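Student: I am new to this structure and would like a close look at a single part. Please then set that part beside the rest.

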Amino acid sequence: MAKSLYETLEVSENATAEEIKKAYRKLARKYHPDVNKDPKAEDKFKEINAAYEVLSNPEKKQQYDQYGDSMFGGQNFSDFARSQGQGVDLDEILRQMFGGAGGFGGGFSRGGFGNFGFDEPDLDTNAQVTIPFDISILGGKQHISLSNDSFDVKIPEGIESGQKIRAKGKGKSYQGQKGDLILKINVSPSNEYTREGDTLTKYFDVPLKTALFGGKIDIKTIHKDITLKVPQDTKQNQKFRVKELGVLNRKSGIKGDLYLKANIVLPKLEELDDSLVKIMEEKLPNN
């Protein structure tokens, strides 16, 4: 049994509703008279709309699948449509054939095809949000207030300034549909850390005695507390690498490293024993 409506939309008879919708949108874009200046484009556009009206309606589709092109007197749909001549309303003809008063809504006018979801409005909303440095590294929730709406959004671990996240259903509304909110992320600077890609760097204080003779220092990092072993004769700005305490790489799933830079803290002379001060003054080298 011939079923040329499927041929009109260039899909198989087993096509899903989503495949039919996708094919319709593609063809409607191609043959819309405002885009395609071929004199035959408008007739083709009307045929595409008519085919989609039938195949997108479960009841009409079931009826057509049962009878096929016999409903058009045995002609394929394109020949049937063209045989009706100029100025004939295909909308009215198919409405009489399939019954019901719903018809095609906007008919086949150039603006009416928006009723089929082809020229849908952009419902997405763009905005910016500034998040704390710690949340950019660790991830978490950020509270958002936008257009009289207030809600939390999930911030992924390791996000950088300039990257965007999507909050589903938080955009504009239109005819029961909701767009998304697309948030551009700005990260507040940190007074404690610097970030370069997946690497974090942080200064930590080292007492002079520990710098000279070595020892252990407890350090609070953004991920956890650690104890760092400091060797003898540690110099100012000397770096210590701590693996995988940096930033998560969102593509590879691997964490970068943390570099700890020594900041040697000198004691105040007035707090030292006088005899020690005298020995230091006499014995410490000048360079």
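Student: In the hairpin of strand 2 and strand 3, which residue takes a positive phi, and how many residues lie between the strands?

Tutor: The residue is Ser 147, with a positive phi near 50 degrees, and the hairpin has two residues between its strands. This is a predicted model, in which local features need pLDDT of at least 70 and side-chain atom pairs count only at pLDDT 80 or more, while totals for chains, interfaces and linings use all residues. Residues are numbered from 1 along each chain as its sequence is written, and side-chain values use heavy atoms, with hydrogens and water left out.

Helices (H or I, at least four residues) and strands (E, at least two) are DSSP runs numbered from the N terminus. Strand 2 covers residues 140-146 and strand 3 covers residues 149-155; they pair in the antiparallel sense over seven bridges. Two strands pair if DSSP finds at least two bridges between them. Across the hairpin, Ile 144 stands opposite Phe 151 in strand 3.

Most residues other than glycine have a negative phi. Asp 233 also has a positive phi, near 60 degrees, and lies in the loop between strand 11 (225-230) and strand 12. Asp 233 is partly exposed, at a relative accessible area of 48%; buried means under 20%, exposed over 50%, and partly exposed in between (1.4 Å probe, protein chains only). Glu 244 has a positive phi near 60 degrees too. Glu 244 sits in the loop between strand 12 and strand 13 and is exposed, at 52%.

Those loops lead to an open sheet of four strands in the order 8-9-13-12, with mixed pairing. Strand 8 (193-196) and strand 12 (239-242) are the edges, each with a single partner strand, so one side of each has no neighbour in the sheet. Inside this order, strand 9 and strand 13 (residues 258-265) pair in the parallel sense over eight bridges.

Strand 9 (residues 199-207) holds Lys 202, whose bridge partner in strand 13 is Leu 260. Lys 202 counts as buried because its relative accessible area is 7%. The side chain of Lys 202 reaches the backbone oxygen of Lys 220 at 3.2 Å. Setting aside neighbours within four places in sequence, Lys 202 is in contact (heavy atoms within 4.5 Å) with residues including Glu 192, Ile 219 and Tyr 259.

The largest nonpolar core has 24 residues, and Leu 5, Leu 9, Leu 55 and Tyr 64 have the most contacts inside it. A nonpolar core is a set of buried Ala, Val, Leu, Ile, Met, Phe, Trp, Tyr and Cys residues joined through side-chain atoms within 4.5 Å. Helix 3 gives the largest share, seven residues. Another core lies apart from it, with 21 residues, among them Leu 200, Ile 217, Leu 245 and Leu 260. Leu 260 thus appears again, as the bridge partner of Lys 202.

Helix 3 also packs against helix 4, at an angle of about 100 degrees and with the axes 6 Å apart. Axes are lines fitted to C-alpha atoms, for helices over the stretch in contact, and angles run from 0 to 180 degrees between N-to-C directions. The two helices are therefore roughly perpendicular; angles under 35 degrees count as roughly parallel, over 145 as roughly antiparallel, 65 to 115 as roughly perpendicular, and the rest as oblique.

Notes: A polar contact is a pair of N or O atoms within 3.5 Å; within protein, one must be able to donate a hydrogen and the other to accept it, and residues adjacent in sequence count only if both atoms are side-chain atoms.
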